[in-house]
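This report describes the strand pairings, backbone features, domain layout and ligand surroundings of the model displayed below. The strands are taken up before the ligands.

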Amino acid sequence: MKQYDLIVLGGGAGGLTVAAGAASMGAKVALIEKNAQPGGDCLHYGCVPSKALIHAAKKVHQARLSAEAFDLEVTGEADLLQALKRVKAAIAHIQKHDDADRFRDMGVDVYIGRGSFQDDHHLMIEGGETIYGKRIVISTGSRPVIPPIEGLKETGYITNETIFDLTYKPKRLFVIGAGVIGLELAQAMARFGIEVTVAEASSQLLGKEDEELVPFIQSALEKELKIMLNTKVQKVGKKENGDKMILVEQDGETKEILVDDILVATGRKPNTDRIGLDHTGVKTTDSGHIQVKPTLQTDRSHIYAIGDVLQAFPFTHAAGMEGKVVVSNAVFGLRRKVDYTHVPWVIYTDPEVFHLGLTEKEAREQIGSDIQVYKVTLDEVDRFIADHETEGLVKVITDKKGKIVGAHAVGKEAGDWMQEIVFAKHHGHKIGDISHVIHPYPTHGAAVQRASDQYWRNKLFSGAIPKLMKRYIRWFR
Ligand SMILES: Cc1cc2nc3c(=O)[nH]c(=O)nc-3n(C[C@H](O)[C@H](O)[C@H](O)COP(=O)(O)OP(=O)(O)OC[C@H]3O[C@@H](n4cnc5c(N)ncnc54)[C@H](O)[C@@H]3O)c2cc1C
Ligand SMILES: NC(=O)c1ccc[n+]([C@@H]2O[C@H](COP(=O)([O-])OP(=O)(O)OC[C@H]3O[C@@H](n4cnc5c(N)ncnc54)[C@H](O)[C@@H]3O)[C@@H](O)[C@H]2O)c1
């Protein structure tokens, strides 16, 4: 039986970081991946295809908007299938980085097949072979939750795992769930001329975002698609002509909606139910997520877990960060702790939504009323005015000394120009420090600088400082 210093179960965003890192440090590593190629959700059904589709959709949308603005004519229907070909090309390109052979070249033994625990040191790979690991990392990711809606299974639906394989363009699409996946994909599909309706069970959109940002994104999306909040999908069925019928209840009223396809985007479920965890003593929560200590060790201290199997931050960059912590701990025996304080995320709708740290509400609950909030609307920033894209807001929340505790934005490409504040927060800079950094004129990032200028304006023009300055200037003359 083959013996390893480290076995990685699941070759996605998290698992590949661990396998590459551990092998480069000289550990004997095995990687078990159930799919024909590593890469995981992010590469095959998540970040990469969704962003490629979103980009193609944005081009189509901009072509129409530009035509309207400059008296040009755009005719014809945008070809969704052509865009899906571009999606596949992007996946194939990036696949080279995650290729099984590339990892073999790094010295990793790659096993293709579903893996499951036989006991807390042994994993069996589908087909028979069993291998031993001194330490093991679980990085099996997550899959879509399918809600128990009457008739849904029989009628048929798509998810993020099948939408990029569509072979026809639906005329009407019904999306269940207005979370990150639902909204990103709904807007992209709408931009190909598909009539999109999104149904959300809760009464508010994007509940994790700062409340003040939500109206901006909601009104932008509602120009392109229909959003039904507070809506319960009661039943799904099929009409004789092939139409899919959805019976929804909104504010006590029931109505029937006819569409060509249904996209289910109602959350994720960790892949921890079919990996033989019951043979290990590793504990999970009621939702199936693995419980870990800050060192990312499970109850069995030689078994670690990272990525979407945890209930922490289900993002590729978080899985990568956790993977690096595990390399330090599982390969070198360190006790590094995972720290999520500076982990941002971006929702790639148009405009984008950027999130870092505490929202204003959370800051008031956790720190108290002694916080400062600096806000800039994008119609105050020259570059956004020049672009005619002034919809949006930047909001920075600090403690009373100016230490950044949260930063949020909605605006064109906010995910890129807000990154500066992640650096500042990560390195303990105060908001005022950003004001001293020279920003080329006129960049979108000036929005962040304007927020930090407010800090100095407040400081200089309130309290005793203005009086002292007047006295000094009189004396100096
Ligand atoms: C539509 C969509 C868009 C997204 N967009 C973004 C984005 O823009 N930015 C972002 O940061 N995040 C995004 N995410 C989230 C991101 O994809 C995940 O957080 C990330 O992939 C988690 O990494 P992971 O390593 O935990 O799991 P994965 O990357 O999913 O990898 C898990 C791997 O384990 C394998 N596996 C499972 N069970 C077994 C088994 N028993 N044996 C062997 N192998 C197994 C799977 O085949 C898979 O390859 C998106 C997700 C979706 C669905
Ligand atoms: N840009 C990114 O980084 C990105 C993009 C996509 C996904 N992701 C990751 O994937 C995770 C999962 O995304 P998601 O959109 O599936 O989940 P989510 O939790 O963000 O949203 C699911 C939504 O569906 C609603 N819902 C649940 N059941 C419903 C029902 N029966 N009827 C109507 N609405 C219902 C929920 O109230 C919620 O608003 C995200 O949390 C994120 O971490 C990240």
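In this predicted model, β18 and β21 run antiparallel and are joined by six bridges. Within this pairing, F354 stands opposite A409 of β21. Strand β21 also has β20 (residues 393-398) as an antiparallel partner, again over six bridges, and here K395 faces H408 of β21. The link between β20 and β21 is a hairpin with five residues between the two strands, and G402 in this turn has a positive phi of about 95°. β21 is mostly covered, since eight of its eight residues are buried.

On the other strand, β18 (residues 352-357), there is a further antiparallel pairing with β17, formed over four bridges. W345 has H355 of β18 as its bridge partner. β17 and β18 are connected by a hairpin of four residues. The loop between these two strands contains P351, and the peptide bond that joins D350 to P351 is cis, with omega about 5°.

A second cis peptide bond leads from Y441 to P442, with omega near -5°. P442 belongs to the loop between α14 (431-436) and α15 (446-460).

Two residues that are not glycines have a positive phi. D251 has a phi of about 50° and is placed in the loop between β12 (244-250) and β13 (253-259). Why does D251 count as exposed? D251 is classed this way because 9 C-beta neighbours lie inside 10 Å, and a residue with 12 or fewer such neighbours is exposed. E413 has a phi of about 55° and is found in the loop between β21 (404-411) and α12 (414-417). E413 is partly exposed, because 15 other C-beta atoms lie within 10 Å.

A52, in helix α3, is buried because 22 other C-beta atoms lie within 10 Å. Leaving aside residues up to four places away in sequence, A52 touches R86, V87 and A90. A52 and K88 are 36 residues apart in sequence, and their C-alpha atoms are 8.8 Å apart in space.

The domain assignment divides the protein into domain 1 (3-144 + 269-332), domain 2 (153-266) and domain 3 (351-461). The C-alpha centres of domain 1 and domain 3 are 32 Å apart. UniProt, in an unreviewed entry, lists "domain: FAD/NAD(P)-binding" at residues 4-323. An unreviewed UniProt entry also places "domain: Pyridine nucleotide-disulphide oxidoreductase dimerisation" at residues 343-451. The composition of these two stretches, with the distance between their end C-alpha atoms, is as follows.

| Residues | Helix | Strand | Distance between end C-alpha atoms |
|---|---|---|---|
| Residues 4-323 | 30% helix | 25% strand | 18 Å |
| Residues 343-451 | 34% helix | 28% strand | 21 Å |

The ligand surroundings complete the description. Which residues come closest to ligand 1? Ligand 1 is surrounded by 37 residues, and the closest are G10, G12, G40, G141 and G307. At least two residues of this shell come from each of α1 (13-24), β2 (29-33), α2 (40-44), α3 (47-69), β4 (115-117) and α9 (316-332). By class, the shell around ligand 1 contains 12 nonpolar, 19 polar and six charged residues.

Around ligand 2 there are 24 residues, of which G177, G179, I181, T266 and P314 come nearest. The elements that give two or more residues to this shell are α7 (180-190) and β17 (344-347). α7 gives the most, with four residues. The shell around ligand 2 is made up of 15 nonpolar, six polar and three charged residues. β17 thus appears in two settings: this strand contributes to the shell around ligand 2, and β17 pairs with β18 in the antiparallel sense.

Technical notes: Residues are numbered from 1 along each chain as its sequence is written. Chains are lettered from A and ligands numbered from 1 in the order in which they are written. This is a predicted model: local features need pLDDT of at least 70, side-chain atom pairs count only at pLDDT 80 or more; totals for chains, interfaces and linings use all residues. A residue is near a molecule or strand if its C-beta atom, placed from the backbone, lies within 6 Å of it. Ala, Val, Leu, Ile, Met, Phe, Trp, Tyr, Cys and Pro count as nonpolar, Asp, Glu, Lys and Arg as charged, and the others, Gly among them, as polar. Domain bounds come from an automatic or database domain assignment. A residue is buried if 20 or more other C-beta atoms lie within 10 Å of its own, exposed if 12 or fewer, and partly exposed in between; C-beta atoms are placed from the backbone. Two residues are in contact if their C-beta atoms, placed from the backbone, lie within 7 Å. Two strands pair if DSSP finds at least two bridges between them. UniProt positions are given in the numbering used here, feature names are shortened, and annotations may be inferred rather than shown by experiment.
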